[in-house]
Amino acid sequence: MDAATAEKKPAPYGTIGLCVSTVVAIAIAVVLMAATAGSAYLAIVILHGQAAAKASAAAILAALEANNEFGVAPLGLGTFFYAAALIAIVLVALWRGGKHWRDLIAWRPPLWPVRDKVLWILAAVGLVYGLVSSAALGYFYPKSNTWLLIPRDPVAAGLLLVMAAIMAPVAEETYFRGWIFTSLRQSWGRWPAIVVSALLFGLAHYESTHLYALAVFPLGLVLAGLRERTGSAGTSMLFHAANNLIAFLSASMAGS
């Protein structure tokens with residue numbers, strides 16, 4: 001690659017630019033969700049009348065107020081949020097990177113060199129940790145068993161599976177091991193990028209007891225290690241999806 005070509009390839013944002021661009025991406029996601037919800041409401045008004053639109057909105061609000069996060073409406077909104085968040089960060093990457101936008105979020109094909117022992121060890125440690133931490137939380141804090149419940153409604157169960165095994169891994173890895181890690185790696189180096197991205201990943205899973213965030217942090221380290229080892233967020237997406245799928249299947253068997 002000659003110097004002229006290298007100059008055209010944009011570098012990731014520095015620390016301040018990373019913070020600002022991440023907030024901008026979240027704001028874009030909120031706007032996308034609001035615009036889509038407004039368009040859907042307007043479409044129902046046109047097709048079925050204002051009363052039907054108000055009834056639909058009231059039903060969704062009632063489901064949310066009931067605090068049933070495993071209902072169809074909350075899971076549908078959760079899946080929708082991940083989709084909007086993913087679109088938003090891709091738009092920001094396109095703005096910054098142009099034709100090189102994939103480099104800024106490490107959107108490369110998943111890499112898994114069969115002979116890379118470190119990669120296999122990382123994956124094995126991560127999967128074992130996921131199972132052990134879930135069992136430990138369930139034993140010492142039984143309420144944690146309600147953090148992942150498989151709905152009896154097949155539509156809700158399907159939405160949960162899509163959200164857990166597809167949308168969450170793709171969107172979260174694009175943000176944490178793609179956009180954030182890439183910028184931190186460029187500005188701060190390997191280990192700060194691994195640790196800080198894992199901390200932010202844990203904080204994103206914060207709940208009132210702090211336990212879930214603490215349990216997620218080591219998984220964030222594993223995911224960042226996979227990203228660092230292969231240079232691809234696609235690799236961490238695959239691991240994240242596998243880990244969530246195992247958790248989904250375990251919860252399904254426990255609830256049956």
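Visitor: How many nonpolar, polar and charged residues are in the lining of the second largest pocket?

Guide: The lining has twelve nonpolar residues, one polar residue and no charged residue. Nonpolar here means Ala, Val, Leu, Ile, Met, Phe, Trp, Tyr, Cys or Pro; charged means Asp, Glu, Lys or Arg; the others, including Gly, are polar. This is a predicted model, in which local features need pLDDT of at least 70 and side-chain atom pairs pLDDT 80 or more, while totals for chains, interfaces and linings use all residues. Residues are numbered from 1 along each chain, and side-chain values use heavy atoms, without hydrogens and water.

Visitor: What volume does the second largest pocket have, and which residues are closest to its centre?

Guide: The volume is about 320 Å³. Of 13 lining residues (an atom within 4 Å of a point of the pocket, an open set on a 1 Å grid with protein on both sides within 12 Å along at least five of seven lines), the closest to the centre are Ala37, Ala40, Ala57, Ile60 and Leu77. Helix α3 gives the most to this lining, with six residues.

Visitor: Why is Ile60 called partly exposed?

Guide: Buried means under 20% relative accessible area and exposed over 50%, with partly exposed in between (1.4 Å probe, protein chains only). Ile60, in helix α3, has 38% relative accessibility and therefore counts as partly exposed.

Visitor: What makes the phi of Ala106 notable, and is Ala106 buried or exposed?

Guide: Most residues other than glycine have a negative phi. Ala106, in the loop between α5 and α6, has a positive phi near 55 degrees. Its relative accessibility is 0%, so Ala106 counts as buried. His210 also has a positive phi, of about 75 degrees, but with a relative accessible area of 42% His210 is partly exposed.

Visitor: How do you know that Arg229 forms a salt bridge with Asp116?

Guide: A salt bridge requires a side-chain nitrogen of Lys or Arg within 4 Å of a carboxyl oxygen of Asp or Glu. The closest N and O atoms of Arg229 and Asp116 are 3.0 Å apart, so the pair meets that rule. The two residues are 113 residues apart, Arg229 in helix α9 and Asp116 in the loop between α5 and α6. Arg229, at 44%, is partly exposed, whereas Asp116, at 13%, is buried.

Visitor: What distance separates the closest N and O atoms of Glu173 and Arg177, and where do these residues lie?

Guide: The distance is 2.6 Å, and the pair forms a salt bridge. Both residues lie in helix α7, four residues apart, about one turn of the helix, and both are buried.

Methods: On a 1 Å grid over the protein atoms alone, a cavity is a set of points where a 1.4 Å probe fits but cannot get out, and a pocket is an open set with protein on both sides within 12 Å along at least five of seven lines; lining residues have an atom within 4 Å of a point. Grid points are joined across faces, edges and corners, and a volume is the space filled by probe spheres set on the points.
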